[in-house]
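This report treats the packing between two domains of one chain and the annotated spans of another. The structure is shown first, and the description follows.

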Amino acid sequence: MAPKKSQTKDASAAAPVVTTGTTASAVPAVSAPSKKPSSAAVAAKSSDAWSSVATNILSHYQKTTPQRTKLIDLFMAFLVVVGGLQFVYCVVAGNYPFNAFLSGFSATVGQFVLTASLRIQTTEANKADFPSVSPERAFADYVVGSLILHFFCVNFIN
Amino acid sequence: MAVATATDSSSPMQTLADFGKSKSLRTLLRVLILCFIAGAAVSSRLFSVIRFESIIHEFDPWFNFRATKYLIANGFYDFWDWFDDRTWHPLGRVTGGTLYPGLMVTSETFASCWPPAFSGLTAFAAYLLTNEMTTNTSAGLLAAAFMGITPGYISRSVAGSYDNEAIAIFLLVFTFYLWIRALKLGSVLWGALCALFYGYMVASWGGYAFITCLVPLHAFVLICMGRYSTRLYVSYTTWYALGTLASMQIPFVGFLPVRTSEHMPALGIFGFLQLVAFIYYIRSSLSGAQFKAFLFVGLGAVFGLALLALVAMTSAGYIAPWSGRFYSLWDTGYAKIHIPIIASVSEHQPTAWPAFFFDLNLLIWLFPAGVYLCFQDLKDEHVFVVVYALFGSYFAGVMVRLMLTLTPIVCVAAAMAASQLLSTFLSVKSPVAKDPEQEDATDVSSKKIKQNAGSLRSTNSPYVGVYSFMSKGLVSGIMTIYLLLFVLHCTWVTSNAYSSPSVVLASRMPDGSQHIIDDYREAYQWLRQNTKEDAKIMSWWDYGYQIGGMADRPTLVDNNTWNNTHIATVGKAMSSSEEVSYPIMRQHEVDYVLVVFGGLLGYSGDDINKFLWMVRIAEGIWPDEVSERKFFTPRGEYRVDGEATETMKNSLMYKMSYYNYHTLFPPGQAQDRVRGVRLPDTGPVLNTLDEAFTSENWIIRIYKVKDLDNVGRDHAAAASFDRGHKKKKAIKKRGPRTLRVD
């Protein structure tokens, strides 16, 4: 469970890192001015520079995401941090109460995917995918899923 | 019979069609038909009770029975911690941690006659699953009927077979139904339900790994086909996160989901889906070409990296490689060489071709047609049918036992094909011929293709209709006959092949009346009444559960087969000469030895026929002391008559089987009816064992292990003295004997 999870996050974290690397070698002239002013991002987009990908995503996110969804994202980020901490602890200090580690870690992972599901289901753009799931229904499902998840975690933690 | 009723709902009779127009009536009819199917499913499983009596069949069920008794007597918490000291003497078995408790917990709350009841539920689950696949409701009813009576499933769920599979197949089908449902709706609730039933399945049967592999495979195929959807993300991640936690609650499974390779596909797809979801999310803010490059490079790299990491972790020992049982599914010769104990079980043999027809009859040729129909209208759930069909067919071909997992999908696919056929040919209305072009359906469709050449042939549905009443009647008549024949076949197979408990044998007297051979129970009853409470019985592991359940005596090995070395010890004792076996038996405090011998009756499932497996398993552990080759004659024959090899004649198993057997016959006429050979006039001599009991038809023979001699002689000398021989040098010739200590 652990390696996959961290890789996902790595991918998200790695995106900007890779971007700067390629920019430096490929198109230094264009990318240099594009970093400061936000209006230059439009110009950078056409030039296919990798750095524009990151800024695009960021601005897109800030523009289109409602406040509530941002809260959900914050919670998900928090879960990733907690899960990462547990994993690091497991690697550094050993996994002795393996039950406890597993249930703690899977609680964060499980809660993460449930929250992600809630986020997906409540996003306006995905409406067409979920004809039968209203936002209220999504939240009710989320609560039920979380209850089951934590019941199993508590039962497993010893 | 249920089939006939099912087809009635779409019968050509116009009156009935009008009658069945109202919606509430249709629902009523559907419920009635399902009830009838459940009734048929239950009653066809009661053959065994009618033919014989209410008795538990086979081997494994006896353990389940015993475990349930323990659960009822001592409660749930004690059951978890149950250490069974009456099996695997002297090791004992940590039973609570090594069983799938779903069955016992279920049956604690249900009546004793419940495997048939579960078959009714399975039929209902098949109905639901099929309804998810097609809009044609009669397909669901047909699937339920097929599921209810097909012998492939009946073999494991007749009344009296108190076994995990009976309940597991219901859970399997129902879990798949919930999975399809969750995938269609993209609902967390259905995903959670699916996970709960998956957890229940894990608690019931080791075959849960089938679900663990099939669902990720389905998800993976969908992603590869470019059918990723947010619904897939929601349903899969919910199922995995909750289902894995649920499965880890079972002590026997424990940490396996993160430790073994069987569970890695599910985990890998879980991680992969996170990645895919993330990438699809950022897709919305990127231009098309950029995104494509990003997608292929990124996904390919991460997938490769994850695979590499898996391989590295497996070789580094963090993740256990595929266990032998699973590995033998890929390399079918593997088990025979490395783990003979798995290969020795008859259920683990590759399936013979006739078995498919025997177990599934007409369904097996409707099955490919149903799978083909899935391709016509390829939605996510149809991909599931295709994947399951391929996967299931392969496994059913490798192992007889896994026919059970193939059966549900065969029923579903066959029902789809049959209902398609029936609904095409059973409509009363003839299509109205408007244009002369439209009269020939294929002609029209080919013209249409020319018109819109851009679309695929399968996407524009051809105009299908049958005009002549004659051909309608003919095809539907033939189909009905086939269905009736199927019912007849199922009934025949169920009543003749699958309803005989292996504990009680039936034979026909010359006048045609039935004769019951009840040697097993006679012998177990004898053990129960004539031996000490803690007398240890040594027998081959097949009979361990029965001895534990019926005779209530401790055994050395049983059907749990968790300790290969211990089984090999018994195998060695059976296949070695008395001088070697006796110390082994003394060390394990064996009081009685039980062998099954079918020579008199012609009962082929006896120990001499299983003997080579004992030799092989023993040879796996002690290659220096036991050698399979020595049991074959120089010409490579496995013989038990006068030509048998010396090793064979001296082996304990041979001696116990044929001891005193020749006295039953006039001189020179002793015959083994299983092997069909004539036996020598002088039978084997037993020095260290006393014959204690032989059942009516000589099927079970029980020997008592002699105590050490009072005056310190070895047993050969003592026995020879008792027979009236003088102490001769002949005994000395064999030299001093040393006890072999392992």
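Helices, as named here, are DSSP runs of H or I with at least four residues, and strands are runs of E with at least two. The model is predicted. On that basis, residues 139–157 of chain A are 95% helix and 0% strand. This span is one of two that the unreviewed UniProt entry annotates as "transmembrane region" in chain A, the other being residues 71–94. The table sets out both spans.

| Span of chain A | Helix | Strand | Distance between end C-alpha atoms |
|---|---|---|---|
| Residues 71–94 | 96% | 0% | 34 Å |
| Residues 139–157 | 95% | 0% | 26 Å |

Helix 7 of chain A comprises residues 135–156 and holds both R137(A) and D141(A), which are four residues apart, about one turn of the helix. These two residues form a salt bridge, with 3.2 Å between the closest N and O atoms. Over all chains, the count of salt bridges comes to 19.

Chain B is assigned four domains: domain 1 (2–108 + 119–253 + 323–421), domain 2 (261–321), domain 3 (422–496) and domain 4 (517–722). Between domain 1 and domain 3 of chain B, 28 residues of the former are in contact with 20 residues of the latter. The two domains bury about 2,200 Å² between them, and 73% of this area is on carbon and sulfur atoms. Zero salt bridges are found across this interface, whereas 11 residue pairs are in polar contact there, both residues of each being at pLDDT 80 or more. On the side of domain 1 of chain B that touches domain 3 of chain B, the elements giving two or more residues include helix 1 (2–8), helix 8 (137–149) and helix 23 (403–425) of chain B. The residues of that side divide into 17 nonpolar, 10 polar and one charged.

Terms used. Residues are numbered from 1 along each chain as its sequence is written. Chains are lettered from A and ligands numbered from 1 in the order in which they are written. This is a predicted model: local features need pLDDT of at least 70, side-chain atom pairs count only at pLDDT 80 or more; totals for chains, interfaces and linings use all residues. Side-chain values use heavy atoms; hydrogens and water are left out. Domain bounds come from an automatic or database domain assignment. Contact means heavy atoms within 4.5 Å. Buried area is the accessible area (1.4 Å probe) that two parts lose on being put together, summed over both. A salt bridge is a side-chain nitrogen of Lys or Arg within 4 Å of a carboxyl oxygen of Asp or Glu. A polar contact is a pair of N or O atoms within 3.5 Å; within protein, one must be able to donate a hydrogen and the other to accept it, and residues adjacent in sequence count only if both atoms are side-chain atoms. Ala, Val, Leu, Ile, Met, Phe, Trp, Tyr, Cys and Pro count as nonpolar, Asp, Glu, Lys and Arg as charged, and the others, Gly among them, as polar. UniProt positions are given in the numbering used here, feature names are shortened, and annotations may be inferred rather than shown by experiment.
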